[in-house]
Amino acid sequence: LPPHIRAAREVVGLFVFGHVGLSIGDFSAYSWAEGKLPEISLPQVDYRTVIVGAMLPDIVDKPLGLWIAPDLVAHSLRSIAHSLLFDLLFLAIGGLVLVTRRSPRAMLLALASSGHLVLDRMWNNPTILLWPIMGWEFAAEYPGFGEWASGHLTDLLTFFTDFPELLGFLAIVGFTAHILRPGNLRRFLATGAAVSPPRVGR
């Protein structure tokens, strides 16, 4: 690859607190708006889907680059699922399912996955974000599993030094405290809801 598009070698962590916590915070704001605007009927948020979607690009790309097909993606830990192409296709599928089956779950998954790319600031790595427009190879060079795991452990132990990670951690703490209230945990596990369903005629 030409030098001007070759990214520096870097350790890419999972940033679980930031991705999951901030996604929960975003969709909690949506749920709050739904509760304040009774004249507007909005689908109930399945937070189980949000949590999976918030980490979906890493769930796909990390195993792909480490174990499943490292040669296919040049050992990149951010590859296909961190691209705009994957994101737009996923949003299109989510929209199609929402319209045809009246199920918001696929769209929730796609929206949370889109937020992952924003939090990863993928615009700083256009070779991956715009793949395959700028070529079929993923320019970034990444470490082996041992170095990646060590770097991720360090990130977890020092999460409080990263502002998005800290905010996400606080959001997870608040959400967990709410879920652990009587009745909420069972509802969350069964339906993904964090609050009681709205009453008819509220």
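A residue counts as partly exposed when its relative accessible area falls between the buried limit, under 20%, and the exposed limit, over 50%. In this predicted model, Phe169 has a relative accessible area of 27%, so Phe169 is partly exposed.

Aromatic contacts were searched across the whole structure, and five aromatic pairs were found. In one of them, the ring centres of Phe17 and Phe169 lie 5.2 Å apart. Their planes meet at 75°, so this pair is edge-to-face. The contact joins distant parts of the chain. Phe17 belongs to helix H1 (residues 16-36), and Phe169 to helix H7 (residues 163-179). The two residues are 152 residues apart.

Helix H7 also contributes Phe175, which pairs with Phe188 of helix H8 (residues 184-191). The geometry is edge-to-face, with 5.9 Å from centre to centre and 80° between the planes. Because the two rings sit in separate helices, H7 and H8, the pair ties together parts 13 residues apart in sequence. Phe175 has a relative accessibility of 12% and therefore counts as buried. Phe188, at 13%, counts as buried too. Together with Tyr47, Phe175 and Phe188 make up one aromatic cluster.

The surface carries a nonpolar patch. Its members are Leu84, Leu88, Leu130, Ile133 and Met134. Together they present about 440 Å² of accessible area. Leu84 lies in helix H3 (residues 84-101). At 34% relative accessibility, this leucine is classed as partly exposed.

Technical notes. Residues numbered from 1 in each chain as written. Predicted model: local features only at pLDDT ≥ 70, side-chain atom pairs only at ≥ 80, totals over all residues. Heavy atoms only, no water. Phe/Tyr/Trp six-rings, centres within 6.5 Å; stacked < 30°, edge-to-face > 60°. Helix = DSSP H or I, 4+ residues; strand = E, 2+ residues; numbered from the N terminus. Buried < 20%, exposed > 50% of the residue type's maximum accessible area, 1.4 Å probe, protein only. Patch = residues over 30% accessible without salt bridge, like charges linked within 9 Å, V, L, I, M, F, W, Y side chains within 5 Å. Areas by Shrake-Rupley, 256 points an atom, 1.4 Å probe, with all protein chains shown as cover. Salt bridge = Lys/Arg side-chain N within 4 Å of Asp/Glu carboxyl O.
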